[in-house]
Amino acid sequence: MFKALHAKRGSQLIIGFLVGVIFGFLLQKGGATRYDVIIGQLLLTDFTVLKVMLSAVVTGMIGVYALKGAGMAQLHPKSGSFGSSVIGGLIFGVGFGILGYCPGTVVGAVAQGSLDALFGGVVGILIGAGLFAVAYPKLEKGFMKIGDFGETTVPQALHVSPQLVIAPLCTVIIGLLYWLESIGL
Amino acid sequence: MEWLAMERWSPYVVGAGIGVLSWLTFLLSDKAIGVSTSFARTAGMIEKLFAGAKVKDKAYYQKFPPVIDWEWMLVLGLLLGAYISVVLSGQFRLEWVPPMWAAAAGTNIFARWLTALVGGIIIGFGARWAGGCTSGHGISGTMQLAVSSWLAAISFFIGGIITAKIIFNVFLK
C-alpha cells in the first residue's frame with residue numbers, strides 16, 4: 001500500500017526518527033527508563049515493565065495481524081535457534097540484571113540524565129556489540145546453529161491459523177494483567 | 001496539556017501507545033521497532049575510525065554494515081523523545097547512582113559505573129547473540145508471534161530475574 005514510501009530512503013530516515021521520538025517519549029513516561037523500575041521488575045516487586053510490554057504486545061499483535069490480513073503489511077519474524085535465542089537470551093538476561101537497563105531504555109535513561117547509563121551502559125553495550133562482531137564467525141557456525149528453526153511463527157509451528165493463537169494469548173495476557181492488579185502489584 | 005507534564009503515565013496507556021506505533025511502522029516503513037542492531041552498527045562506525053575501511057571485511061559488519069539507517073535514526077529519536085518527556089515533567093537531573101542501587105550498595109560512583117559497564121558489555125554481547133533486545137524481540141517480535149522472540153524474551157527475563165535476585169539478595173544484602 002505504501003510501497004513507494006518504503007523505497008524513499010530520505011523519508012524513511014525521517015519516519016524512523018519520528019517513531020523514535022514517540023517511542024522514547026512513551027518509554028520515559030512509562031517509567032521504563034528508570035533503573036529502579038527495571039530492577040524492581042527483575043526483583044518481582046514492581047510490574048511496570050511487564051505491564052508496558054504486554055499491553056504493547058496485545059495492542060500491536062491485533063493491529064499488525066489485522067493489517068497483514070488486509071494485505072497492508074508484511075510480517076518480519078526474526079530467524080532463530082535454541083542456541084541463539086535461548087543461550088543468547090540468557091546471556092542478555094545476566095547483563096540486564098547487572099546493568100538494570102536494556103539497549104532501548106538505556107538510551108532513554110541517558111536523556112533523563114542518568115550518567116551510569118551513558119558512561120557505563122552505552123559504552124559497555126558498544127563494547128559488547130563490537131566483541132560479538134569478533135566472535136561472530138565462530139559462534140555462527142557453532143552455538144548459534146543448535147536447534148535452528150528459521151523465521152517460524154507460533155501459528156506456523158502449530159499449523160493453525162493466527163487467530164487461534166491470538167485470541168487465547170490475548171485472553172491469557174489480559175487475565176494475567178488483571179490478576180496482577182487484583183493482588184496489588 | 002497537563003498530561004504532557006505528568007511524570008508517569010499508566011503503563012497500559014504507554015503500552016497501547018507503543019502497540020499503535022508498531023502498526024504505523026509496519027504500514028509506513030515495512031519495519032518493526034528495534035534498537036540493538038544500531039549498537040552493532042555504531043560499534044562498527046567507531047572501529048572504522050581506528051581501523052579504517054578494513055572493518056567492512058568483518059563478516060558481522062557485512063551482515064549489518066556500519067551505516068545510518070531507519071533503526072539508527074529511531075535510536076537517535078528515542079534520545080530526543082525521552083528528553084522531551086523528562087523536561088516536560090521537570091524531572092531531568094544528572095545522576096550517577098540510581099536510588100535503589102544507592103540504598104543497597106552505597107553511593108560510590110566508581111562501583112556503580114564499573115557494574116554498569118560490565119553489565120553493558122554482557123547485555124550488548126547477548127543482544128547480538130540472540131539477534132535482538134527487549135524492543136526487537138520482547139515487543140516487536142512477540143507481537144508477530146515469532147518463535148525466536150518468545151524464546152528470547154522469556155530467556156531475557158529468566159536470566160535477568162535470577163541475576164538481579166543474586167545481586168540484591170546475596171551480594172548486596
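These notebook entries follow helix 5 of chain B and then the contact between chain B and chain A.

I am reading a predicted model, where local features need pLDDT of at least 70, side-chain atom pairs count only at pLDDT 80 or more, and totals for chains, interfaces and linings use all residues. Residues are numbered from 1 along each chain as its sequence is written, chains are lettered from A in the order in which they are written, and side-chain values use heavy atoms, with hydrogens and water left out.

**Helix 5 of chain B**

I looked up helix 5, residues 70–88, taking helices as DSSP runs of H or I with at least four residues, numbered from the N terminus. Its 19 residues should span 27 Å at 1.5 Å a residue (1.5 Å times one less than the number of residues), and the end C-alpha atoms are 27 Å apart, which agrees. Among its buried residues I noted Trp70(B), Trp72(B), Gly77(B) and Val86(B), where buried means under 20% relative accessible area with a 1.4 Å probe, protein chains only. Their cover includes helix 2 (9–29) and helix 6 (103–111) of chain A, together with helix 2 (11–29) and helix 3 (36–51) of chain B. Just after the helix, Gly90(B) takes a positive phi of about 65°.

**Chain B against chain A**

I found 115 residues of chain B in contact (heavy atoms within 4.5 Å) with 121 residues of chain A. By class, the side of chain B that touches chain A has 71 nonpolar, 32 polar and twelve charged residues, with Ala, Val, Leu, Ile, Met, Phe, Trp, Tyr, Cys and Pro counted as nonpolar, Asp, Glu, Lys and Arg as charged, and the others as polar.

Technical notes
Helices (H or I, at least four residues) and strands (E, at least two) are DSSP runs, numbered from the N terminus. Buried means under 20% relative accessible area, exposed over 50%, partly exposed in between (1.4 Å probe, protein chains only).
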